[in-house]
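Q: I'm new to this one and would like a close look at a single part, not a quick tour. Could you pick a stretch, tell me what sits beside it, and then show me what else is worth finding in the rest?

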Amino acid sequence: VERYSKEGEVILDPMAGSGTMMLACTMGRNVLLVELEEEFCKMMRDNWAEVRMRPQLGSEMGLCDIQQGDARKLEGLCDSIITSPPYEEAHSSKNLGGIFRDRQDLQAYSWLKSDNQNNIDNLKSDSYLEAMLQVYQQCYKVLKPQGLMILVTKNFIRNKQIIRLDTDTIKLCEQAGFTFVERHYRKLPSQSFWRVIYHQKHPEVEQILNEDVLVFVK
């Protein structure tokens, strides 16, 4: 947020989860949060009630707009987009994120399973990539010229092989019209419970130790 946005600008998180991006409001940014699941929207509204009461240090509190909606159908313009796409965990070989919603932008894992078949988390590989292409095309549509899209992704394991969500995401975003700018690596502070169990069972499989911050420009 500090590196790629300015005070007073609008940040869109089209797959907001529990709404961690609303913390950017405490830094003077205005945030638009879009989430398909009502249970997460309620969680965000509760979280915002607490965040908006935080004392401000040097920045006026920005506005936060929480909307229940589909990331494949966005409206309005924004200055930048910062979000974290869903991805598959090792225990789910056919369903990307099907057992629990493991999102990189959360402080802790959310152990909630969505039964909504329209949720991107619940789509199989080909359908997932098609859906994410729609999301990135929508992001391109609502982003202002020269606006930035920052994605936090993490590769995953399937059939004991690393699936490169980072390279797939770059290809999808370029197909949607974006230009890839740069990449940062963030070392994971810890491994998820399922990652630890999986590595104990399959120590020969390479571990995933970082997540990728991918930067694109319209």
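**A close look at strand E4**

A: Let's start with the setting: the protein has 218 residues, and 51% of them count as buried. Keep in mind that this is a predicted model. The protein has 4 helices and 9 strands, and if you read along the sequence they come in the pattern β-β-α-β-β-α-β-β-β-α-β-α-β. Now take the contacts between residues at least 6 apart in sequence: 70% of those join residues at least 24 apart. On the outside, the accessible surface comes to about 11,200 Å², with 50% of that area belonging to carbon and sulfur atoms.

The part to zoom in on is strand E4, which covers residues 78-83. How many of its residues are buried? The count is 6 of 6, so to speak a full house, and the strand is mostly covered. Strand E4 also has pairing partners. One is strand E1, residues 10-13, which runs parallel to E4 and is joined to it by 2 bridges. To find that pairing in the 3D view, look for Leu 12, which stands opposite Ile 81 of E4. Another partner is strand E5, residues 143-153, again running parallel, with 5 bridges joining it to E4. Here a handy landmark is Ser 80, whose bridge partner in E5 is Leu 148. While you're looking at strands, here's a rule of thumb: in a regular strand the side chains alternate between the two faces of the sheet.

Stay with strand E5 for a moment, as Gln 146 lies in it. What is the phi of Gln 146? It's positive, about 70°, although Gln 146 is not a glycine. Gln 146 also counts as exposed, at 62% relative accessibility, whereas the residues of E4 are buried. Further along, Lys 160 has a positive phi of about 70° as well, and it isn't a glycine either. You'll find Lys 160 in the loop between strand E6 (156-158) and strand E7 (161-163). With a relative accessible area of 41%, Lys 160 is partly exposed.

Next, the cysteines. A disulfide is a covalent bond between the sulfur atoms of two cysteines. How many disulfides does the structure hold? The answer is 0. Why does Cys 64 have no such bond? The closest cysteine sulfur to its own is in Cys 25, at 4.6 Å, and that is too far for a bond. Cys 64 is buried, with a relative accessible area of 17%. The story of Cys 173 is told in a similar way: its closest cysteine sulfur, in Cys 139, is 8.0 Å away, so that is too far for a bond too. Cys 173 is buried as well, at a relative accessible area of 0%.

Last stop: the hollow spots. The protein has 4 cavities of 30 Å³ or more. The second largest cavity holds about 60 Å³ of space. Which residues line the second largest cavity? Among them are Gln 191, Arg 195, Tyr 198, His 199 and His 202. Val 205, Glu 206, Gln 207 and Ile 208 belong to that lining too.

To go back to where we started, then: E4 is the mostly covered strand, joined to E1 by 2 bridges and to E5 by 5.

Definitions and conventions. Residues are numbered from 1 along each chain as its sequence is written. This is a predicted model: local features need pLDDT of at least 70, side-chain atom pairs count only at pLDDT 80 or more; totals for chains, interfaces and linings use all residues. Side-chain values use heavy atoms; hydrogens and water are left out. Buried means under 20% relative accessible area, exposed over 50%, partly exposed in between (1.4 Å probe, protein chains only). Two strands pair if DSSP finds at least two bridges between them. A disulfide is a pair of cysteine sulfur atoms within 2.5 Å. Contact means heavy atoms within 4.5 Å. Accessible areas come from the Shrake-Rupley method with a 1.4 Å probe; for residues, only the protein chains shown count as cover. On a 1 Å grid over the protein atoms alone, a cavity is a set of points where a 1.4 Å probe fits but cannot get out, and a pocket is an open set with protein on both sides within 12 Å along at least five of seven lines; lining residues have an atom within 4 Å of a point. Grid points are joined across faces, edges and corners, and a volume is the space filled by probe spheres set on the points.
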